[in-house]
Each structure stands twice: as structure tokens, then as C-alpha cells.
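Please look through the structure shown below, and then read on for a report on how its parts are arranged.

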Protein chains: 2
Amino acid sequence: MKRALGPNDRLYPMPCPLVVSGTMAHADALACAWIAVGGATPPTIVMALRKSRRTLELIRQTGEFTVNIPRASDAAVVDYFGLVSGHNHDKFAESGWTLEPAAVVSAPLVAECPYNLECRVLSEVDNGSHVLVIGQIVESHAEESVLDENGNVDVELLDPLIYINGSREYRRLGEKVADAFTAGTSVKRA
Amino acid sequence: MKRALGPNDRLYPMPCPLVVSGTMAHADALACAWIAVGGATPPTIVMALRKSRRTLELIRQTGEFTVNIPRASDAAVVDYFGLVSGHNHDKFAESGWTLEPAAVVSAPLVAECPYNLECRVLSEVDNGSHVLVIGQIVESHAEESVLDENGNVDVELLDPLIYINGSREYRRLGEKVADAFTAGTSVKRA
């Protein structure tokens with residue numbers, strides 16, 4: 001039996017990267033759970049940013065941003081990036097987290113985040129309270145310590161932070177339950 | 001030390017809902033990991049669909065769709081929905097999963113998925129290989145068995161399926177690591 005809960009903005013689960021804009025000299029960042037891959041060719045990111053965000057102002061100035069996946073163990077720092085505004089806080093100075101130069105774009109990477117995407121804005125879509133920013137992924141980086149012997153990201157080693165809205169909590173990834181593009185082959189009924 | 005991995009379409013982690021379009025009499029569904037909340041006012045979903053998808057054709061016919069969160073234990077069925085095409089498979093007949101009427105939109109809900117969103121298309125954005133579909137969330141539903149005593153979704157009871165691209169695996173949610181909008185208050189350095 002199901003219960004109607006009304007319109008809401010909950011999807012389960014959500015990633016929780018830090019989105020960074022600006023430059024090495026003057027950067028801002030926010031925690032953004034409303035973000036997804038937007039396409040394969042070219043590879044893109046789509047994310048929803050509240051219109052008042054300082055990070056959005058800087059994205060508009062440079063046309064570039066980075067997406068930085070934090071470890072689950074760093075939930076408190078990520079939460080801090082979501083709690084205060086770049087309009088009146090230097091989030092990096094206050095948190096102690098550090099920036100490092102990206103390879104292609106002017107927006108820096110977060111050194112403490114073990115996986116990072118570099119993005120260049122393709123377009124913006126007005127979406128009510130939020131703006132959808134669509135950015136092409138032009139480079140990615142991972143810490144050597146989260147790569148397996150084939151040079152691919154090992155998600156157990158990455159231990160990415162997860163956000164749950166509604167109950168407003170951070171979680172880590174749990175156990176593997178199946179292989180994709182394999183588990184389904186046994187499902188079809190005769 | 002970080003290693004550059006080139007442009008790619010990986011974000012960690014991703015949700016893995018079934019998106020359903022059409023009607024009770026003629027529906028199709030696909031597994032969509034490239035999906036996020038797109039805004040708060042109005043509440044919206046944004047998702048990337050490959051242009052050839054039968055589900056997209058049906059969304060364009062009716063202007064409506066549903067988003068259905070599966071349990072981690074149902075990974076094999078969800079994988080099946082991603083493996084075959086609605087152009088030549090009746091995925092519901094073959095999987096044994098069932099549809100139930102939504103409250104507001106013509107697109108049905110997946111009965112076996114314990115959390116469901118009803119959506120009405122606001123716009124489409126061409127995005128290369130994919131189309132971004134932006135839909136307003138007009139109703140939501142949850143199984144009574146995944147609600148806590150206050151009528152809110154308990155994510156431990158929901159046990160939502162998670163998709164990891166790159167390594168192409170399904171996982172479940174792990175342990176809670178922090179409370180959001182709380183953990184960060186201790187971070188600011190003097």
C-alpha cells in the first residue's frame with residue numbers, strides 16, 4: 001500500500017560533490033547534490049544552482065568550473081561548504097582545504113577530493129528557483145591511491161560521500177549487490 | 001598525487017530509478033542513472049535520455065513520466081530494464097513487474113518500486129547524444145513499509161539501488177556518517 005506525499009524534491013540517493021568556480025587566486029565552492037551526467041557525446045554535467053549563489057556568479061565570469069568528489073570521511077567539511085555563503089566567507093581559508101591548478105580550465109581542483117572533473121559551460125537553462133548549468137567534461141583526475149591495477153577508479157577506495165535529502169544525512173556507499181549489464185540477462189521470462 | 005584520466009562521463013555515485021512513460025495500457029520503462037533534482041520551486045527532475053529510446057518517444061506523446069526508485073535487492077530486474085529495448089520487448093510482461101495507476105499523470109507507477117515521483121514535462125534541451133528532459137514533480141508516493149512513525153521516508157527501509165559507472169556495478173547504501181546542516185558547524189577555523 002502506498003501513501004501520497006505531495007510534490008517534493010527528493011530522489012534517492014544523491015552524490016555530493018564540491019563545485020568550484022573562479023581561479024586559484026579567487027575561488028568559491030559549494031556542495032551540490034542536484035547534479036548528474038547530462039550526456040555521453042560530448043560528456044557533460046548538468047547541475048542545478050540556486051540563482052543567488054556566489055559560485056554561480058564566478059561560473060558566469062569564467063565559463064568554467066570543476067566537480068570534486070569528496071570522501072565519506074570528510075562529510076563535516078563538505079557540510080561546512082554548504083552551510084556558509086561565499087559572499088561573506090572565504091570557505092577555503094576557513095576550512096583549511098586547499099586548491100590545486102586544473103589541467104585545462106582556470107577553475108581549480110580541490111586537492112583533498114580524490115576524484116575531479118574539469119568542465120566548460122555549454123549553456124544555462126532558467127528553471128524557476130534554480131539555474132541548470134550544462135558543462136562539457138574536458139578532463140578528469142583521480143588520486144593514485146583510489147585507482148586499481150588497471151588504472152580505473154576503485155569505488156571502495158574512493159569511498160564517495162552520499163547525500164540523502166529529506167532526512168538530511170550523509171552516508172557512505174555500501175556493499176555490491178550485482179554486476180550491471182550482466183545481472184539482467186537471467187530475468188527474461190519464457 | 002593525481003593522474004589525469006581524460007574526459008569521461010563518470011560521477012560517483014548515481015541513483016538508478018526506472019523512468020516510465022506511456023499509459024497503463026501501453027507503457028515502456030528504462031533504467032536511468034543520469035538523473036537529478038533540477039530545482040526546488042517548482043520541484044523538478046532533470047534527466048538525460050539517449051535520443052533513440054522508446055521511453056523518450058512515449059514521453060513526447062503524453063508529456064508525462066514517472067520516476068520509480070527500486071530496492072537494492074531488485075538490481076537484476078532493473079538491469080534487465082536497461083539491457084533490452086522497448087522497441088522489441090514488452091519489459092513488464094517479460095520481467096513480471098507490474099504497473100499501477102498514478103494519481104495525477106497518465107504514466108503509470110512501478111508497483112514493485114517503493115518510492116515514486118509523478119512528473120509533467122516542462123521542456124527539453126538538446127545535448128548531443130542525449131536529450132535533457134526537465135519535468136515538474138507534481139506528486140510523490142512511498143510504500144507505507146518504508147515510512148517512519150512521522151510519515152517520512154526512512155532511507156534504511158527504502159534501501160535504494162545505487163549505480164556505479166566505470167566499474168558497472170550496483171551497490172546498496174552504507175552507513176550514516178554525519179547529519180547535514182549540523183556537522184559543518186564545527187569546521188570553521190578561528
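In this predicted model, chain A is superposed on chain B by a rotation of 180° with 0.0 Å of shift along its axis, and the RMSD is 0.0 Å. The two copies are therefore related as by a two-fold rotation axis. Within chain A, the C-alpha nearest this axis belongs to G174(A), and it lies 1.8 Å from the axis. Both copies use the same surface, since 100% of the contact residues of chain A recur in chain B.

The contact between the chains involves 87 residues of chain A and 87 residues of chain B. On the side of chain A that touches chain B, the largest share, 11 residues, is contributed by strand β13 of chain A, which spans residues 169–179. The residues on that side of chain A divide by character as the table sets out.

| Character of residue | Number on the side of chain A that touches chain B |
|---|---|
| nonpolar | 48 residues |
| polar | 22 residues |
| charged | 17 residues |

Strands of the two chains also pair with each other. An open sheet of six strands has the order β2(A)-β12(A)-β13(A)-β13(B)-β12(B)-β2(B), and its pairing is antiparallel. The edge strands of this sheet are β2 (14–15) of chain A and β2 (14–15) of chain B, each of which pairs on one side only. Within chain B, strand β12 (residues 162–164) and strand β13 (residues 169–179) pair in the antiparallel sense over three bridges, and I162(B) stands opposite R171(B) in β13(B).

A further pairing between the chains joins strand β11 (residues 130–143) of chain A to strand β1 (residues 2–4) of chain B, where the two strands run antiparallel and are connected by three bridges. Here E143(A) stands opposite K2(B), a residue of β1(B).

Helix α1 of chain A, which covers residues 54–62, has as its buried residues T55(A), L56(A), L58(A) and I59(A). Because these residues cover an arc of only 160° around the axis, they are on the same side of α1(A). Which strands help to cover the buried residues of α1(A)? Among them, all in chain A, are β3 (18–22), β4 (27–31), β6 (43–50), β7 (64–69), β10 (115–127) and β11. After α1(A) comes G63(A), whose phi is positive, near 70°.

Methods:
Residues are numbered from 1 along each chain as its sequence is written. Chains are lettered from A and ligands numbered from 1 in the order in which they are written. This is a predicted model: local features need pLDDT of at least 70, side-chain atom pairs count only at pLDDT 80 or more; totals for chains, interfaces and linings use all residues. Copies are superposed by least squares on the C-alpha atoms of residues with pLDDT of at least 70 in both. Two residues are in contact if their C-beta atoms, placed from the backbone, lie within 7 Å. Helices (H or I, at least four residues) and strands (E, at least two) are DSSP runs, numbered from the N terminus. Ala, Val, Leu, Ile, Met, Phe, Trp, Tyr, Cys and Pro count as nonpolar, Asp, Glu, Lys and Arg as charged, and the others, Gly among them, as polar. Two strands pair if DSSP finds at least two bridges between them. A residue is buried if 20 or more other C-beta atoms lie within 10 Å of its own, exposed if 12 or fewer, and partly exposed in between; C-beta atoms are placed from the backbone. The arc is that of the directions from the helix axis to the C-beta atoms.
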